[in-house]
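Trainee: Could we go through this one together? I'd like to start with the loops and then see where the talk takes us.

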Amino acid sequence: MNMMDYTGVSVFIEQRDGEVQKVSLELLGEGRRLADKLNTKLIAILLGHNVANIAQELVYYGADEVILAEDAMLDKYVTEPYTKVFTSIITEIKPEIVLMGATAIGRDLAPRVSARVYTGLTADCTTLEIDEETKNLLMTRPAFGGNIMATIICPEHRPQMSTVRPGVMLVGERDTERKGSIIKHQAQLDASDMNVEILEVVKETKKKVKIEDANVLISGGRGLGKKESFEGLELLAKELSGLVAGSRAAVDAGWIDRDFQVGQTGKTVRPGLYIACGISGAIQHVAGMEESEFIVAINKNATAPIFEFADLGIVGDVNKVIPALIEELKSKK
Amino acid sequence: MKIVVCIKQVPDTTEVRLDPKTGTLIREGVPSIINPDDKSGLEAALQLKDEFGAHVTVLTMGPQQAEAALREALAMGADRAILLTDRAFAGSDTWATSCTLAAAIKNLEYDLIIAGRQAIDGDTAQVGPQIAEHLNLPQVSYVEDLKYDGSSFILKRVFEDGYHLVKVGKPCLITTLKEMNEPRYMSVMGIFDAYREKQIEVWNLKDITVERSYLGLEGSPTKVKKSFTKGAKTAGKVFEVDHKEAAKIIVDKLKEKYII
């Protein structure tokens, strides 16, 4: 393998029913940053059926080139047709970096591709950087249930492949002035590539979510004062790709369902970020969340016990801080 | 029907604690378990055994102590257990691991290979699909339900926003989710058999056919450059400022901590 033959940063664009998944836009944002650092181009790789209309959008979000492969067999995600076409594209264009979302699709496709082309793959990365000296991609990911972080490199194989968790990277600015080329790639598939048969496709808009699995939790308590305040928490949770939970007081008041209760009589959670909003911090509540990695507490009572457990405390009116926080997060994107 | 179930022995990460002073992992006294996604895969295989008389082989790659996980699998009802162990396998990343496991599976007969979706100590979800690739098999990952119609498997393959019901013929590889079932307990007779009747086969490098340069640290495309804990917890700061300033402080801190 001649490493010098591999240039450019590429992003697998995940679309479902013609809709680009947010993680792919986030990866275009991150890919743009990496490509600029390497002084190279950003390539979006789009597979699907009747998805050509999306291609231009990908340019607006930062791609210099869009490789478009369309085929009826690429309509719904199936491992083999996607692997075959994606592999043929990266074998041809030889990118030095391939990024994919760490989704139920990306985490199926990426390992299959990496095994086929004999290169390294690092899963669920949360930070990507370029090594100043070697120009290798430094891929940092959590392991041991988030207790350890590891930085992984792929020094002697190309492309360097990584899946990245949704909600971690920032979407770049959509710029309709941006120019880029759209290149069609012939998907050479035959019937034998469809080695599984899809019998039924079921959409579940309200998928059961578990607060125990969430990496970000926005939790509300009595201090919110009213049920409507939970809508603000929902907006904040959306902004941070997290879920809303509550204290026992909030559940007893009927502001949130019991399935989302944190604490001794509810669920024990260990998210990466826990924002306690108007929660005083009764010991029963703290028992359910104290192992969260980073705890932010917002409470108007400066002597609330929750501040003793928080990494960052804000004394103030939670109903004012939350909207300001949403505003601040939006302005930083 | 012949089924091979790949399992991994893992430390029970729900029992792993950080030393608050040093910020390092406390590994002592942490029990080892069969990885939960794998255990559900084994249960699915045992259900096929109950219903269709399948023959179930469990396979693990790891150090000698991984034998305990195989004994448990035998006690649950698996028919055959193979421990793949050799110093040559040490330091393998997912590519080398999958290559080694695939080489072992080539020595076996199979209609279905089951691997758990991901291990709780590494969370990569890569080894299953990579084994499928090395064996050139169809794969279905994220399986939450499995039925067998006499010739094909009908699988519920879940996504974030729903699921596909897919049909796949033999042989194939699937990766299973722990939500799929509630694994059975070891039976008393099973435990008896696992220690008295059934043997664990130990396979080394010489028992598989594989290119040596694909194995262990040398065969692994990825290398760990460094690993670190996020550090010890220090007392948090409390700010009493107006809401706009507060929002800025929160966002800055989350950025500093790489949370956003």
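Trainee: Where is Pro171(B) placed in chain B?

Mentor: In this predicted model, Pro171(B) sits in the loop between strand 11 (162-169) and strand 12 (172-176) of chain B, where helices (H or I, at least four residues) and strands (E, at least two) are DSSP runs, numbered from the N terminus. The peptide bond that leads from Lys170(B) to Pro171(B) is cis, with omega near -10 degrees.

Trainee: Before I go on, how are the residues numbered, and what limits apply to a predicted model?

Mentor: Residues are numbered from 1 along each chain as its sequence is written, and chains are lettered from A and ligands numbered from 1 in the order in which they are written. Since the model is predicted, local features need pLDDT of at least 70 and side-chain atom pairs count only at pLDDT 80 or more, while totals for chains, interfaces and linings use all residues.

Trainee: OK, what about chain A, which peptide bond to Pro159(A) is cis?

Mentor: The one from Arg158(A) to Pro159(A), with omega near -5 degrees, and Pro159(A) belongs to the loop between strand 10 (148-153) and strand 11 (160-164) of chain A.

Trainee: And which residue of chain A in the loop between helix 4 and strand 7 should I look at?

Mentor: Look at Tyr118(A), in the loop between helix 4 (106-117) and strand 7 (121-125) of chain A, which has a positive phi of about 50 degrees although it is not a glycine. Ser241(A) also has a positive phi, of about 55 degrees, and is not a glycine either; its loop runs between helix 5 (229-239) and strand 15 (243-246) of chain A.

Trainee: Is Tyr118(A) buried or exposed?

Mentor: Tyr118(A) is partly exposed, with 13 other C-beta atoms within 10 Å. A residue is called buried if 20 or more other C-beta atoms lie within 10 Å of its own, exposed if 12 or fewer, and partly exposed in between, with C-beta atoms placed from the backbone. Ser241(A) is partly exposed too, with 17 such atoms within 10 Å.

Trainee: Switching to chain B, how many of the residues of strand 8 are buried?

Mentor: Five of the five residues of strand 8 (residues 112-116) of chain B are buried, so the strand is largely enclosed by the rest of the structure. Both of its faces are covered, with Leu112(B), Ile114(B) and Gly116(B) on one side and Ile113(B) and Ala115(B) on the other.

Trainee: Which strands does strand 8 of chain B pair with?

Mentor: Strand 1 (residues 2-6) of chain B pairs with strand 8 in the parallel sense over four bridges, and five bridges join strand 8 to strand 12 of chain B, again in parallel; strands pair if DSSP finds at least two bridges between them. In detail, Cys6(B) has Ala115(B) as its bridge partner in strand 8, and Leu112(B) stands opposite Cys172(B) in strand 12.

Trainee: What about helix 7 of chain B, how many residues has it?

Mentor: Helix 7 (residues 243-256) of chain B has 14 residues and reaches 20 Å from its first C-alpha to its last, close to the 20 Å expected at 1.5 Å a residue, the expected span being 1.5 Å times one less than the number of residues. His243(B), Ala246(B), Ala247(B), Ile250(B) and Leu254(B) are buried in this helix. Seen down the axis of helix 7, the buried residues fall within an arc of 100 degrees, so they line one face of the helix; the arc is that of the directions from the helix axis to the C-beta atoms.

Trainee: What lies on the other side of helix 7 of chain B, and what covers the buried residues?

Mentor: On the other side, Lys255(B) and Glu256(B) are exposed. The cover over the buried residues includes strand 16 (273-277), strand 17 (294-299), strand 18 and helix 9 (318-331) of chain A, together with strand 15 of chain B.

Trainee: So how many residues does each chain bring to the contact?

Mentor: Chain A brings 68 residues and chain B 64 residues, where two residues are in contact if their C-beta atoms, placed from the backbone, lie within 7 Å. Strand 18 (residues 312-315) of chain A and strand 15 (residues 237-239) of chain B run parallel and are joined by three bridges, with Lys237(B) as the bridge partner of Leu312(A).
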